[in-house]
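Good morning, and thank you for joining this session. I ask everyone to look at the sequence and the structure as they appear, and then to follow me through them.

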Number of protein chains: 2
Amino acid sequence: MTMNNGAGGRRRPPTIHDVAREAGVSRGTVSRVLNGGHYVSPAAAEAVNAAIRRTGYVVNRHARSLITGRSDSVGFLLTEPQERFFEDPNFNVLLRGCTQALAAHDVPLLLMLAGTEDERRRITRYITAGHVDGVLLVSSHSGDPIATELREAGVPLVACGKPIGIGSKVSYVAADDRDGARDMVRHLLAQGRRRIGVVTGPLDTPGGVERLAGYREVLAEAGVQYDEGIVVSGDYSRASGEAGAERLLDRAPDLDAVFVASDLMAQGVLTALRRAGRRVPQDVAVGGFDDSPAATAASPSLTTIRQPWDRISSEMVRVLLAQIGGEEPAAVILPTELVKREST
Amino acid sequence: MTMNNGAGGRRRPPTIHDVAREAGVSRGTVSRVLNGGHYVSPAAAEAVNAAIRRTGYVVNRHARSLITGRSDSVGFLLTEPQERFFEDPNFNVLLRGCTQALAAHDVPLLLMLAGTEDERRRITRYITAGHVDGVLLVSSHSGDPIATELREAGVPLVACGKPIGIGSKVSYVAADDRDGARDMVRHLLAQGRRRIGVVTGPLDTPGGVERLAGYREVLAEAGVQYDEGIVVSGDYSRASGEAGAERLLDRAPDLDAVFVASDLMAQGVLTALRRAGRRVPQDVAVGGFDDSPAATAASPSLTTIRQPWDRISSEMVRVLLAQIGGEEPAAVILPTELVKREST
DNA sequence: TTCTCTACTGTGAACGCTCACAGACAGCAT
DNA sequence: ATGCTGTCTGTGAGCGTTCACAGTAGAGAA
């Protein structure tokens, strides 16, 4: 009496052979059913599917990968220093969105952290050895060596946010930072604010540069004098927002609004303003960017620019899978949206 | 003239065969060097290593997995509903810690999200088919069907926090919640507080239950009357902390302290107290739990109980790998630490 | 010497799958 | 009849690795 599949005994899982025997067809036919079902008669297909159900067969991806050369998995690569990963809520929603979008295609996601030089080397080897078919890259800072390495190795790659200094021919998906900034500054002007300070993001990131550019454009269009003295830059962290607001208040006590390039920094700005005795929004209006949880958590809640993170992640996955499928790299720019809350 | 490895041409990566030829030994010897180097002469080992360096050889994990039956990867499985994943900063540090600890063993981490029933089924199939060697499970709520399924399928499993209602024989790593709660309540008593309210976590989670138990124990030891009226429960979210504090103030206006089972809820408590015109810590002291970034971000900054997340993640990985290696399941309880800040 | 033991090495044979190929059969035109 | 086309099916080969096994050589014991 042979041991059955039931509880108790760890049994060798069914192979494509078992399914073929069970269905009364050959391995080849089962394989064809598994891979799209072309050139398979309806009767055979039905028999195979029934056999798969009966045996509980699941394809062995290692065997498949060994011969196809594909791994049917993609990497989610984070090259940020740790603190950013912790502090920035955007990473979470991006990671979650990508995982789900990939799961819909039955593609597992490998999380990869390249903080140190050592990790970077190991991960590069892993990726270029073909253990993933493509990479979703999250790294805002420029000159990322791993990005260029991967690109040169011909690994399908999609970046989140426009990579700078890496040349073209690399796919990316980004929100329309400049347009979002324009919306916010126009909104502040519409509230009657005229003395609008800025806390920018790091100026070696596209977000930092573009959001500042949008601010300048709208000011110019409105005929408001641009004053470099009320432009300070931060690093997207809460603390840098706080420090930035202090510098702004110091230089321009008559400030009546601040446009902050991230919600997290805006939280810091709120703290500094409160400490300085300014009321928000009565004395100073504050506009954030991202519409992260920090925006609603802040008090007063932040007027901000929503980045469409759900769409960003699904587009990243779409573009990456297309590229793995042989299509050319592509850039996707997604619109943002002004969300009005208490701080303006 | 054959195409070289240089830029431009995608070339077939070197195999163990190529390395063997280059080193002047057999496949078997190369394989032995790759797997620990036992029964290999120093000369041969050196020749092989040199050949590996020259050829840029990287082992093909699919081929290896096909024959060993191991996948040399583990899954990080999240069964929480979405909002918790987003809001709770602990997940981030846990995920990061696990990824790094695994990377040190050259084991990739697959991120798996089982929110819907559909996802749950697909992921169960994936895991039980042997596509990962083990699972790191993050799911605080009890009666998780996936956990029991995996356990019954014999998949090595390590939970974060003690799983309830799943029977024994499942490994877990947890902070000493009860002891942490005891420390905090003792601290509040030492500050002269006597009317100490509680906002607990969900009472179907070990954290929720244990932290409340610690509170009751210390009160009893100190001879302070336990008053069920000033015990309310939340769901670890900020909003539930806010609501909880309102209920507490309503029932006990003479409250002089609140022990909150998470920093995030404690933020909500601070908001509610401020709105009610209570000063923290002068009128009411607030103690949190977790020592998450929320603790320092809050104003006033939160006195809290640090959970050793870095150790939790590294222990989870250690126990999981041991179990994959054939060891028996194990439970690990790690000590917590009181961190004093402005709120008490 | 001869035997035994240990350290080391090479050689099929798998692992489970896909791919290329060849063959069978039907339908339709020649 | 013959050929051609298209759909469908089975078969052998091979992907890159590990594992079991057989075999060699050198050291030490009898």
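**A sheet in chain A, and two DNA strands**

In chain A, A:Ile196 stands opposite A:Ala257, a residue of β8(A). Please keep in mind throughout that this is a predicted model.

That pair leads us to the two strands concerned. Strand β6 of chain A, residues 196–200, and strand β8 of chain A, residues 257–260, pair in the parallel sense, and four bridges join them. For those new to the subject, strands of a sheet pair through backbone hydrogen bonds, and the pairing may be parallel or antiparallel.

In what order do the four strands of the open sheet in chain A lie? The order is β7-β6-β8-β9, with parallel pairing. At the edges stand β7 (231–233) and β9 (285–287) of chain A; each has a single partner strand, so one side of each is left without a neighbour in the sheet. On average, neighbouring strands of this sheet are turned by 15 degrees against each other, direction ignored.

Two helices of chain A deserve attention here. Helix α9 of chain A, residues 177–190, packs on the sheet and touches β6, β8 and β9 of chain A. The direction of helix α9 makes about 170 degrees with that of β8(A). Helix α10 of chain A, residues 206–222, also packs on the sheet, where it touches β6, β7 and β8 of chain A. The direction of helix α10 makes about 170 degrees with that of β6(A).

I turn now to the DNA, beginning with strand C. Around DNA strand C there are 25 residues, of which A:Ile16, A:Arg27, A:Tyr57, B:Arg27 and B:Ser41 come nearest. Which parts of DNA strand C do the atoms within 4 Å of the protein belong to? Sugar or phosphate holds 60% of them, and bases hold the rest.

Individual contacts illustrate both kinds. A polar backbone atom of A:Asn60 is 3.3 Å from a phosphate oxygen of DNA strand C. From chain B, a polar side-chain atom of B:Thr29 lies 2.9 Å from a phosphate oxygen of this strand, while one of B:Arg32 lies 3.1 Å from a base nitrogen. The elements giving two or more residues to the surface near DNA strand C are α2 and α4 of chain A and α2 and α4 of chain B. Which element has the largest share of that surface? It is α4(A), with five residues.

Next comes DNA strand D. Of the 25 residues around this strand, the nearest are A:Arg27, A:Ser41, B:Ile16, B:Arg27 and B:Tyr57. Sugar and phosphate make up 62% of the atoms of DNA strand D that come within 4 Å of the protein.

A polar side-chain atom of A:Arg27 lies 2.4 Å from a base oxygen of DNA strand D. A polar side-chain atom of B:Tyr57 lies 2.4 Å from a phosphate oxygen of that strand. For A:Ser26, a backbone N or O atom lies 2.8 Å from a phosphate oxygen of DNA strand D. The largest share of the surface near DNA strand D comes from α4(B), which gives five residues. By class, this surface has twelve nonpolar, nine polar and four charged residues.

I close with the confidence of the prediction. Chain A averages a pLDDT of 90, and 92% of the residues score at least 70. Over residues 1–10 of chain A, however, the pLDDT is below 50. Where pLDDT is low, the predicted coordinates should not be read in detail.

Conventions. Residues numbered from 1 in each chain as written. Chains lettered and ligands numbered in written order. Predicted model: local features only at pLDDT ≥ 70, side-chain atom pairs only at ≥ 80, totals over all residues. Heavy atoms only, no water. Near = heavy atom within 4 Å. Polar contact = N/O pair within 3.5 Å; in protein donor to acceptor, adjacent residues only side chain to side chain. Nonpolar A, V, L, I, M, F, W, Y, C, P; charged D, E, K, R; others polar. pLDDT = per-residue confidence, 0-100. Contact = heavy atoms within 4.5 Å. Pairing = 2+ DSSP bridges. Axes fitted to C-alpha atoms, helices over the stretch in contact; angles between N-to-C directions.
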